Amino acid sequence: MKKTNIILIGFMGVGKGSVAREIVKHSSYIAIDTDDLIESMENKKIKKVFEEDGEEYFRSLEKDVSLWLEKSVENTLISTGGGFYKVENLKKIGTIVLLDSPFENILKRIQDHPNAKAKLKKRPLLSDLKAAKKLYKERRPEYLKLADIVVDVTDKSAEECTKEILKKVKKHV
Ligand code: S3P
């Protein structure tokens with residue numbers, strides 16, 4: 001049977017967390033976040049996992065999380081880290097919703113945030129903006145290929161995105 005979860009994917013800083021919080025307000029979904037799960041599993045921040053254990057280890061934790069999601073989670077809104085989409089079983093976890101926006105707009109969104117410094121600091125892969133742009137260029141076609149639903153979030157509020165997502169998900173299932 002098809003899984004009833006919604007999975008939010010998209011680049012770092014595109015607003016997956018904000019949109020997830022808004023969806024929870026306007027629906028009966030309960031939300032979980034793959035980075036939060038990993039932080040709880042490891043009892044340390046993602047930044048520390050990268051620093052102390054390396055990216056490869058972090059990716060293996062994402063894989064563990066993906067297997068658990070497939071096996072045990074239903075009716076849930078799952079927001080993911082920007083690289084989580086690479087897990088092999090993503091399609092088996094639920095309906096995949098891509099939050100899409102150009103790199104420059106994502107960067108502006110982060111830089112305009114009152115907590116911009118902290119937002120940049122907690123994301124190891126955003127420390128070098130040139131490398132981050134390259135990563136964005138590599139990933140965007142892969143995101144688009146996997147997505148069941150694409151929502152352009154540029155200049156839209158979390159509430160507008162939520163309305164669009166819930167409408168499109170309803171049509172899709
Ligand atoms: C990553 C994105 C981060 C976090 C980790 C790696 C990535 O999550 O999972 O730093 O590979 O894009 P956000 O997308 O919430 O920033």
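Here are a few worked exercises on the ligand site, the pockets and two unusual loop residues of a predicted model.

**Exercise 1. Find which residues come nearest to the ligand, and which atoms make polar contacts with it.**

Step 1. Start with the shell around the ligand. There are 14 residues in it, and Lys16, Asp35, Arg59, Arg123 and Arg139 come nearest.

Step 2. Now look for N or O atoms within 3.5 Å of an oxygen atom of the ligand, since that is the cut-off for a polar contact. Lys16 has a polar side-chain atom 2.6 Å from a ligand oxygen. Arg139 also uses its side chain, with an N or O atom 2.7 Å from an oxygen of the ligand. With Gly83, look at the backbone: an N or O atom there lies 3.3 Å from a ligand oxygen.

Step 3. Ask how much of the ligand gets covered. On its own it has 390 Å² of accessible area, and the protein covers 93% of that.

**Exercise 2. Work out what kinds of residues surround the ligand, and which elements they come from.**

Step 1. Sort the shell by class. You should get six nonpolar, three polar and five charged residues.

Step 2. Match the shell to the elements. Helix 3 (46-53) and helix 4 (55-72) are the ones that give two or more residues to it.

**Exercise 3. Say where the ligand sits, then describe that pocket.**

Step 1. Place the ligand: it's in the largest pocket. This pocket holds about 750 Å³ of space.

Step 2. Go to the centre of the pocket. Among its 34 lining residues, Asp33, Asp35, Gly81, Lys122 and Arg123 are the closest to that point.

Step 3. Trace the lining back to its elements. Helix 1 (16-25), strand 2 (30-33), helix 2 (34-42), helix 3 and helix 4 each bring at least two residues. Helix 1 gives the largest share, with five.

Step 4. Sort the lining by class. It divides into 15 charged, 10 nonpolar and nine polar residues.

**Exercise 4. Do the same for the second largest pocket.**

Step 1. Its space comes to about 270 Å³. The lining has 17 residues, and the ones closest to the centre are Arg109, Val153, Thr154, Asp155 and Lys156.

Step 2. Helix 1, helix 6 (103-112) and helix 9 (158-172) supply at least two lining residues each. Here helix 6 takes the largest share, with five residues.

Step 3. The classes come out as six nonpolar, six polar and five charged.

**Exercise 5. Count the cavities of 30 Å³ or more and describe the largest.**

Step 1. Searching the whole structure turns up one. The largest cavity has a volume of about 40 Å³.

Step 2. List what lines this cavity. Among the residues are Gly10, Phe11, Val14, Leu98, Tyr136 and Tyr143. Strand 4 (94-100) and helix 8 (129-146) each contribute at least two residues to the lining.

Step 3. Sort them by class: seven are nonpolar, two polar and two charged.

**Exercise 6. Explain what is unusual about the phi angles of Asn75 and Asp155, and locate both residues.**

Step 1. Recall the background: most residues other than glycine have a negative phi.

Step 2. Check Asn75. Its phi is positive, about 50°, although Asn75 isn't a glycine. You'll find Asn75 in the loop between helix 4 and strand 3 (76-79).

Step 3. Check Asp155. This residue isn't a glycine either, yet its phi is positive at about 55°. Asp155 lies in the loop between strand 5 (149-152) and helix 9.

Step 4. Link back to Exercise 4: Asp155 is also one of the residues closest to the centre of the second largest pocket.

Key:
Residues numbered from 1 in each chain as written. Predicted model: local features only at pLDDT ≥ 70, side-chain atom pairs only at ≥ 80, totals over all residues. Heavy atoms only, no water. Near = heavy atom within 4 Å. Polar contact = N/O pair within 3.5 Å; in protein donor to acceptor, adjacent residues only side chain to side chain. Areas by Shrake-Rupley, 256 points an atom, 1.4 Å probe, with all protein chains shown as cover. 1 Å grid on protein atoms, 1.4 Å probe; cavity = no way out; pocket = protein on both sides within 12 Å on 5 of 7 lines; lining within 4 Å. Sits in = over half its atoms within 2 Å of the grid points. Helix = DSSP H or I, 4+ residues; strand = E, 2+ residues; numbered from the N terminus. Nonpolar A, V, L, I, M, F, W, Y, C, P; charged D, E, K, R; others polar. Points joined across faces, edges and corners; volume = space filled by probe spheres on them.
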